[in-house]
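Me: I should like to study one protein structure by means of questions and answers. Please show the structure before we begin.

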Amino acid sequence: MHQTMNHSCDLLITADLLLTQDEQGRVIEDAAVAVSQGRICALGRRAELAHMQAAERLCLGRSLLMPGLINAHTHVSMTFFRGLADDLPLMEWLHQHIFPREKRLSAEIVQLGALLGCAEMIRTGTTAFQDMYLLEDAVALAVDQAGLRCRMGEVIFAFPSPAYASAEEGLALVRGQAKRYKNHPRIGVAVMPHTVYTTTEELLAACRDLAQELDLPLHIHLSESPAEVEACLASHGLRPVQYCRALGLLSPRSSVAHGVVLTDEELDALAESRCHVVHNPRSNMKLASGIAPVPGMLARGMLPGLGTDGASSNNCLNMFAEMSACALVHKVHSMQATACPAQSVLDMATHGGALALGWPELGKIAPGAPADMIALDLDSPNLLPLYSPVSHLVYAASGHELRMSMVDGKVLYQDGRYLSLDYPALLGEAQKLKRWVLEKQ
Ligand SMILES: [Zn+2]
């Protein structure tokens with residue numbers, strides 16, 4: 001009368017090639033993946049799943065099915081600043097162009113910018129991201145609508161922001177968000193102090209305590225540029241990593257964005273603390289912040305996540321561009337063609353991101369994992385011929401080979417159409433962003 005759980009599923013997906021990124025690193029030809037209630041329940045060769053009774057079927061044919069990429073550090077709403085103030089050093093860019101405009105932010109602008117960023121990430125194979133911004137509740141609304149998965153965080157400064165009048169109010173806001181999104185299937189909250197130079201010792205300690213109390217991840221920009229290290233030494237007599245370590249901020253629940261300017265001792269300290277690092281190669285190159293010692297992290301058994309940072313310092317939210325940049329920059333920097341091989345880079349963009357987001361079950365196609373998947377068109381001219389799918393993903397793909405994107409078992413994009421977003425309507429709305437940015441200060 002009833003099918004057993006093992007023989008029925010909500011959706012059966014078939015594709016010519018499946019890259020699982022599971023523990024055995026299996027690549028399966030002529031494959032099928034079964035999904036039920038937003039999770040993967042079975043996978044294998046198509047013939048092995050032929051007995052499955054599926055409510056729906058999705059036949060992808062000449063496609064590579066793989067886990068969705070994870071953008072482990074971004075400010076998704078900042079699409080509105082894309083291309084506004086290029087070719088400037090970090091501190092000048094931040095203090096003269098970004099901060100003055102961000103003072104005028106409204107929830108409507110933040111949400112609209114985030115929707116545009118979500119559309120870009122969906123279109124280029126990202127299914128989950130970690131986001132730090134002001135008025136982050138508006139980002140959550142956009143994420144909810146777009147159908148992506150997000151670890152969100154209200155950025156915490158020692159000074160007022162458009163979201164709060166004092167740091168205490170900021171922390172209370174995070175407390176409210178944690179409560180509001182506690183049972184959301186795709187949105188999780190983290191405590192996100194901005195940097196060591198926009199906070200105080202007391203505030204960082206309060207962030208640490210709040211993360212512990214609510215059992216939330218903590219995310220902070222750390223050691224991004226030589227100027228940050230100099231300022232921290234001048235103010236506290238310690239380098240940023242030493243300072244955060246002394247405050248108990250580095251732990252397995254924390255992830256730090258950038259980690260560019262690091263000594264060997266600091267790399268050892270980060271590895272020992274088991275906190276996660278998120279590497280942002282394109283942003284670091286564009287702002288001339290430096291080159292993070294990623295080979296040194298990998299050698300210590302760390303697996304950094306990979307992030308785009310905001311669209312104003314990249315200038316795109318495309319994880320394929322980020323993977324390529326990561327694989328290339330460390331080779332030329334170390335003059336070792338073996339540095340950051342393609343498999344390590346793909347592991348960073350999947351497993352590393354999952355760890356940084358505090359969502360370790362993401363980043364792989366395996367029974368029980370959330371059904372967050374993408375499919376690329378294997379007939380794209382830049383993907384032919386095919387010897388190694390991992391090589392193509394890192395060195396040849398642009399992200400625009402994407403045919404399908406799925407989060408939590410729901411298709412968000414398929415063959416040129418957004419299914420969760422009204423993209424033509426969003427295009428019209430997005431004109432408001434430019435008008436807002438160019439308004440008189
Ligand atoms: Zn950032």
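The questions below concern a metal site, a sheet and the cavities of this predicted model.

Me: Which protein residues are the donors of the zinc ion?

Reply: The donor atoms lie 2.1 to 2.3 Å from the zinc ion. Three of the donors are histidines that use NE2, and an aspartate gives OD. The residues are His73, His75, His221 and Asp309.

Me: Is the site of the zinc ion tetrahedral or irregular?

Reply: The angles among the 4 donor atoms run from 86 to 172°. Four donors count as tetrahedral if all angles lie between 85 and 135 degrees, and the upper value of 172° lies outside that range. The site of the zinc ion is classed as irregular.

Me: How many residues apart in sequence are the parts that His75 and Asp309 tie together?

Reply: Along the chain, the donors follow the spacing H-x1-H-x145-H-x87-D. His75 lies in the loop between strand E6 (69-74) and helix H1 (90-102), while Asp309 lies in the loop between strand E14 (305-306) and helix H11 (319-334). Both His75 and Asp309 are buried. Because these two donors sit in those two loops, the pair ties together parts whose separation in sequence is 234 residues.

Me: Which strands stand at the edges of the open sheet of 4 strands?

Reply: The order of the sheet is E11-E12-E13-E14, with parallel pairing. An edge strand has a single partner, so one of its sides is left without a neighbour in the sheet. The strands in this position are E11 (218-222) and E14.

Me: Which residue in E13 stands opposite Val256?

Reply: Strand E12 covers residues 254-258 and strand E13 covers residues 276-279. The two strands pair in the parallel sense over 3 bridges. The residue opposite Val256 is Val277.

Me: Which element gives the most to the lining of the largest cavity?

Reply: The structure has 3 cavities of 30 Å³ or more, and the largest holds about 230 Å³ of space. Its lining has 23 residues, and among those nearest its centre are His75 and His221. Two elements, H1 and strand E7 (126-133), give two or more residues to this lining. With 6 residues, the element that gives the most is H1.

Me: How many nonpolar residues are in the lining of the second largest cavity?

Reply: This cavity has a volume of about 60 Å³. Its lining includes Pro67, Ile70, Thr127 and Glu361. By class, 3 of the lining residues are polar and 3 are charged, and the number of nonpolar residues is 6.

Conventions:
Residues are numbered from 1 along each chain as its sequence is written. This is a predicted model: local features need pLDDT of at least 70, side-chain atom pairs count only at pLDDT 80 or more; totals for chains, interfaces and linings use all residues. Side-chain values use heavy atoms; hydrogens and water are left out. Donors are N, O and S atoms within 2.8 Å of the metal (3.2 Å for Na, K and Ca); water is not among the atoms, so sites may look incomplete. Four donors count as tetrahedral if all angles lie between 85 and 135 degrees; four count as square planar and six as octahedral if opposite donors are over 155 degrees apart and all others between 65 and 115; anything else is irregular. Buried means under 20% relative accessible area, exposed over 50%, partly exposed in between (1.4 Å probe, protein chains only). Two strands pair if DSSP finds at least two bridges between them. On a 1 Å grid over the protein atoms alone, a cavity is a set of points where a 1.4 Å probe fits but cannot get out, and a pocket is an open set with protein on both sides within 12 Å along at least five of seven lines; lining residues have an atom within 4 Å of a point. Grid points are joined across faces, edges and corners, and a volume is the space filled by probe spheres set on the points. Ala, Val, Leu, Ile, Met, Phe, Trp, Tyr, Cys and Pro count as nonpolar, Asp, Glu, Lys and Arg as charged, and the others, Gly among them, as polar.
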